[in-house]
Amino acid sequence: MRPLLDARAGDLLRVNEPQAVREVLRRVENFAPDNALTAVTPLGPDALRRLARARFALPPVLASASGPEHRRVRRVVARFLTPAQVEAVRPLVVELTHERVDAARRELADGRAVDLAETVSAHVAPAVFGHLVGLAMPSTPVLHRWSRHSLELFWGYPDPQRQVDLADSAAELFAWLTDAVHTRAPGRPSLFAALREAGIDEPRLRSLAFFLLIGGQETTAMLTDIALHEALTSGAWRSIAQSPQGPASEAEQLVRRMLTTTSSVPTWRRIAVRDTTIGGRAVAAGTPVLVELCRHDRGDIDDSLAFGFGVHRCLGARLAPLEASTVLAETAAGLPEVVPAGPAPDWLRLLSFQAPRTVLVRRRSEPVGQGGSR
């Protein structure tokens with residue numbers, strides 16, 4: 001078993017033993033979320049000036065807040081992500097996946113390799129998120145660029161020049177959100193209107209929108225890409241497509257395994273706000289802590305920490321697995337004949353986010369059975 005506290009990750013104290021992770025996340029009075037949105041690499045003056053010109057600001061709200069204000073915002077957001085609402089969105093996920101699989105099939109018929117990350121999952125997650133929260137979404141390529149750039153800016157390791165480029169992109173997203181949170185998607189209740197009615201001021205509303213837009217769709221698309229990649233490279237793809245129990249059952253198990261070992265959000269941060277302990281060991285006030293939400297061994301499936309623990313447990317804990325497993329099941333059933341194409345993909349590796357950058361497939365040269373047709 002690994003030690004309770006590993007060597008420091010930079011200035012971060014790494015906590016990886018599950019019970020200790022629960023302890024840190026449960027004790028918000030000792031380990032606050034104040035650094036949840038703090039840039040891992042301190043931003044240089046040029047990047048800060050670009051953000052200041054855009055009036056970019058992320059005051060504490062939801063993931064970066066605690067206490068009564070956190071609870072008030074969380075109650076409103078939770079109304080849009082109830083178990084019933086999440087389950088009701090499953091047919092939409094299936095419909096959207098079928099549309100994207102049909103597009104992939106047309107490209108494959110021309111003999112081209114297809115990136116399932118770009119062709120399928122990148123389109124499904126934003127549409128589902130916009131449907132649930134009543135937000136009219138930007139075009140998929142623009143949203144993907146904004147989201148990945150913002151993740152790299154705050155959770156990556158960009159040099160000063162790269163920071164400037166990323167800051168410009170984050171400022172574009174922030175400017176779009178400033179107007180978008182006032183525009184309802186036709187025929188849908190608006191989360192941001194409900195938050196405004198609950199008394200959430202505009203700065204915190206924009207801060208929440210920035211975090212939710214990325215966390216609500218990009219990390220779900222990333223989890224889906226991890227699942228697609230794992231199914232294709234582990235040999236599970238054909239068994240999912242042709243499972244006698246139906247593809248959904250095996251796909252759900254694979255996604256749970258990925259949440260256990262290779263989640264798109266493998267770590268999260270906290271900061272000790274007073275001298276305290278973890279598992280009886282002293283931790284000084286001001287110590288930033290990195291908690292591991294998934295493990296790297298291949299033992300029993302246990303995804304109980306994948307979405308956090310306690311009062312800050314992710315409100316998308318039901319939605320993300322449903323989306324990822326449904327997209328995997330329907331894609332494998334619709335494209336049972338594909339195999340990985342090209343070399344192993346490069347991965348996005350940030351402090352708290354990871355995913356393969358591409359999931360390239362091509363048609364298998366030999367024929368397959370009909371068990372995977374939908």
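**Note on the sheet and the largest pocket**

1. Helix α5, residues 90-109, lies across β3, β8 and β11, and runs at about 60 degrees to β11. The model is a predicted one, and the points below concern this sheet and then the largest pocket.

2. The sheet under discussion is open and is formed by 3 strands, with antiparallel pairing and the order β3-β11-β8. At its edges are β3 (114-115) and β8 (338-340), each of which pairs on one side only.

3. Strands β8 and β11 run antiparallel and are joined by 3 bridges, with β11 covering residues 360-363. Val 338 has Arg 363 in β11 as its bridge partner.

4. The largest pocket holds about 390 Å³ of space. Its lining comprises 22 residues, and those closest to the centre of the pocket are Glu 118, Ala 122, His 144, Arg 148 and Arg 357.

5. Which elements give two or more residues to the lining of the largest pocket? They are α6 (116-133), α7 (140-155) and α10 (202-234). The largest share comes from α7, which supplies 7 residues of the lining.

6. Sorted by class, the lining of the largest pocket contains 9 charged, 7 nonpolar and 6 polar residues. For anyone setting up a calculation on this pocket, the residues closest to its centre include Glu 118, Arg 148 and Arg 357.

Note on methods:
Residues numbered from 1 in each chain as written. Predicted model: local features only at pLDDT ≥ 70, side-chain atom pairs only at ≥ 80, totals over all residues. Heavy atoms only, no water. Pairing = 2+ DSSP bridges. Helix = DSSP H or I, 4+ residues; strand = E, 2+ residues; numbered from the N terminus. Contact = heavy atoms within 4.5 Å. Axes fitted to C-alpha atoms, helices over the stretch in contact; angles between N-to-C directions. 1 Å grid on protein atoms, 1.4 Å probe; cavity = no way out; pocket = protein on both sides within 12 Å on 5 of 7 lines; lining within 4 Å. Points joined across faces, edges and corners; volume = space filled by probe spheres on them. Nonpolar A, V, L, I, M, F, W, Y, C, P; charged D, E, K, R; others polar.
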